[in-house]
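Student: Please take a close look at one part of this model, a pocket and the strands around it. Keep to what can be computed from the atoms.

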Amino acid sequence: MDNSLLLCIFLFCLLLLVNVEEFGAELDECKETRCKHHGPTIRFPFWLKDHHPEHCHYPGFELSCTEDKDTMLELPRAVKLFVKHINYTAQQIDVYDPFGCLARQIENLTLPASPFQFADLYGLYNYTFFNCSSDKNFNVVNVIPCLSSHGYNIIAGDSDAEAYFAPLSCPKMYDIISVPDFLISYYKNDFQLNWFKPMCGSCEAEGKKCGMKGNTSETQCSPIKIFKQYTAGFVQLQGGKLVKPDSTSHGLQFSRYSCTSI
């Protein structure tokens, strides 16, 4: 083979391999991670603060790691919740209050300002919170233990029937709207949230990778590619993958479908 042609083929292969490595490095920057070994997997649309670069970000899905390596989701108005599990196929995230008193944050819980909504949409109610002296008798079951103390009880009643639930002598504190009944009536501290944009559930179900489409605000579903880089020996590109060649091979080969240094 003519030396000049051989040189051109070699330079072409070298340029192709460099581009593949750069593309692999970009994918590697957005690869999934965790705050700790048994913590929830973090991948698109979620991204980890101070870890994933800007091109991996999707608005509203920022997570962070605490000093104890717990995974934290911060919602609008500084509502901070720990993440127990993320189901990417069902597009559902399980969260809980880290201090065991969700009622303390629930006044600031404004999901419409976030990409999430309660998974349980069939039992949403409006509640009014009152501060009542502990010696008062009132016809209410929703005493909030973690907000109450010696000398007073914090109670929550259905906003549509607040006059029935609390005496007039109990000062009104605030209203909350559209929260699941079990969070108030049963003092639950954990709950589930869904997201509907971006729609990546079907992509996840197919075992593919969901991500941003270039510099646009659109998403795309792509097969998962695995790239490997070797620090010694030759590199071989075949079928869109980098593989280590047979140590007994030598020379250089180029075709329409592969560029191989062997």
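Tutor: Two strands count as paired if DSSP finds at least two bridges between them. The model is a predicted one. By that criterion strand E7, residues 124-133, is paired with E9, with six bridges in the antiparallel sense. Within E9, Ile176 is the residue that stands opposite Tyr127.

The pairing belongs to an open sheet of three strands, in the order E8-E7-E9, and the pairing in this sheet is antiparallel. Its edge strands are E8 (152-158) and E9, each of which pairs on one side only. Direction ignored, neighbouring strands of this sheet are turned against each other by 25 degrees on average.

E9 also leads to the pocket. The second largest pocket has a volume of about 260 Å³. Its lining consists of 16 residues, and those closest to the pocket centre are Leu109, Leu111, Pro112, Ile177 and Ser178. E9 spans residues 172-180 and, like strand E6 (116-118), supplies at least two residues of the lining. The largest share comes from E9, with five residues. By class, eleven of the lining residues are nonpolar, three are polar and two are charged.

E6, the other strand named for this lining, sits in another sheet. That sheet is open, has seven strands with mixed pairing, and follows the order E1-E2-E3-E4-E5-E10-E6. Strand E1 (47-48) and E6 are at its edges with a single partner strand each, so one side of each has no neighbour in the sheet. In the order of this sheet, E6 comes after E10. E10 covers residues 190-195 and is joined by five bridges to strand E5, residues 92-96, with the two running antiparallel. Asp94 stands opposite Gln192 in E10.

The lining therefore draws on an edge strand of the three-stranded sheet, E9, and on an edge strand of the seven-stranded sheet, E6, which has a single partner and so is left with one side free of a neighbour in the sheet.

As for the chain around this part, it has four helices and 16 strands. Of its 262 residues, 37% are buried. Among contacts between residues at least 6 apart in sequence, 57% join residues at least 24 apart.

Notes:
Residues numbered from 1 in each chain as written. Predicted model: local features only at pLDDT ≥ 70, side-chain atom pairs only at ≥ 80, totals over all residues. Heavy atoms only, no water. 1 Å grid on protein atoms, 1.4 Å probe; cavity = no way out; pocket = protein on both sides within 12 Å on 5 of 7 lines; lining within 4 Å. Points joined across faces, edges and corners; volume = space filled by probe spheres on them. Nonpolar A, V, L, I, M, F, W, Y, C, P; charged D, E, K, R; others polar. Axes fitted to C-alpha atoms, helices over the stretch in contact; angles between N-to-C directions. Buried < 20%, exposed > 50% of the residue type's maximum accessible area, 1.4 Å probe, protein only. Contact = heavy atoms within 4.5 Å.
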